[in-house]
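Visitor: I would like a close look at the helix packing in this model. Please take one part and walk me through how it is put together.

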Amino acid sequence: VQAEIAELYLDDQQYVIPRVLVDNGEALLDVRAEIEKLCNFIYDNSDERARARAMLCQIFYHAMHDRYYEARDLLLVSHLQDHIQHMDEATQILYNRMIAQLGLCAYRNGLFEACQALLH
């Protein structure tokens, strides 16, 4: 049952559109904390494929919001680049999208050497 719930969380997280409801100038939902919570649930209650996909989605999320160093550190700690070639095709596509987004994030932050290294 926990694995099924984790898989549902992963499906939801993969298509998260960060909408923040605002009430009197204050955000009603902390999207970053919510994504962190969903990822932690998946890390604790799912298989290797789901954990890898959750990590890729979390890295992609940080890269989309110009948090290059957080995204890069997550990628380096996860060691996904070492065994992505053994994963299924859909996960490899998600990995390629994450790498492209991380390269664009590096470019937006003026880190041109990192951008070139990622997109080379």
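Guide: What follows goes from the overall layout to the two helix pairs, the cores and two loop residues.

This is a predicted model. The protein has 7 helices and 2 strands. Read from the N terminus, the elements run α-β-β-α-α-α-α-α-α. Of its 120 residues, 33% count as buried. Take the contacts with a separation of 6 or more: residues 24 or more positions apart account for 59% of them.

Now the packing. Two packed helices are described by the angle between their axes and the distance between the axes.

Start with H6 and H7. Helix H7 spans residues 112-119. The axes of H6 and H7 come within 7 Å. They cross at roughly 165°. An angle over 145 degrees counts as roughly antiparallel, so H6 and H7 are roughly antiparallel to each other. Their crossing is left-handed. Which residues make the contact? From H6 come Ile99, Ala100, Leu102, Gly103, Ala106 and Tyr107. From H7 come Phe112, Ala114, Cys115, Leu118 and Leu119. By class, the residues of this contact divide into 10 nonpolar, 1 polar and no charged.

Next, H2 and H3. Helix H2 covers residues 31-45, and helix H3 covers residues 48-64. Their axes come within 9 Å and cross at roughly 165°. That angle makes H2 roughly antiparallel to H3. The crossing of H2 and H3 is left-handed. On the H2 side, the contact uses Val31, Arg32, Ile35, Glu36, Cys39, Ile42 and Tyr43. These meet Ala50, Arg51, Ala54, Met55, Gln58, Tyr61 and His62 in H3. The contact of H2 with H3 has 9 nonpolar, 2 polar and 3 charged residues.

Then the cores. The largest nonpolar core holds 20 residues. Which of them touch the most other members? They are Leu56, Ile59, Leu75, Leu80, Tyr95, Met98 and Leu102. H3, helix H4 (68-78) and helix H6 (89-108) are the elements that give two or more residues to this core. H6 supplies the largest share, 7 residues. Leu102 thus appears twice in this account: among the residues of the core that touch the most other members, and in the contact of H6 with H7.

Look at Tyr95 in detail. Leaving out residues up to four places away in sequence, Tyr95 touches Leu56, Leu75, Gln81 and Ile84. Apart from the largest core lies another core, of 7 residues. Val31, Ile35, Ala54 and Tyr61 are among its members. These four residues also take part in the contact of H2 with H3.

Last, two loop residues with notable backbone angles. Most residues other than glycine have a negative phi. Asp66 has a positive phi, near 60°. Asp66 sits in the loop between H3 and H4. Is Asp66 buried, exposed or partly exposed? With a relative accessible area of 35%, Asp66 is partly exposed. His79 is not a glycine either, and its phi is positive, about 60°. The loop between H4 and helix H5 (80-83) holds His79. At 44% relative accessibility, His79 counts as partly exposed.

Note on methods:
Residues numbered from 1 in each chain as written. Predicted model: local features only at pLDDT ≥ 70, side-chain atom pairs only at ≥ 80, totals over all residues. Heavy atoms only, no water. Axes fitted to C-alpha atoms, helices over the stretch in contact; angles between N-to-C directions. Parallel < 35°, antiparallel > 145°, perpendicular 65-115°, else oblique. Left-handed = near helix turned anticlockwise from the far one by under 90°. Contact = heavy atoms within 4.5 Å. Nonpolar A, V, L, I, M, F, W, Y, C, P; charged D, E, K, R; others polar. Core = buried A, V, L, I, M, F, W, Y, C linked by side-chain atoms within 4.5 Å. Buried < 20%, exposed > 50% of the residue type's maximum accessible area, 1.4 Å probe, protein only.
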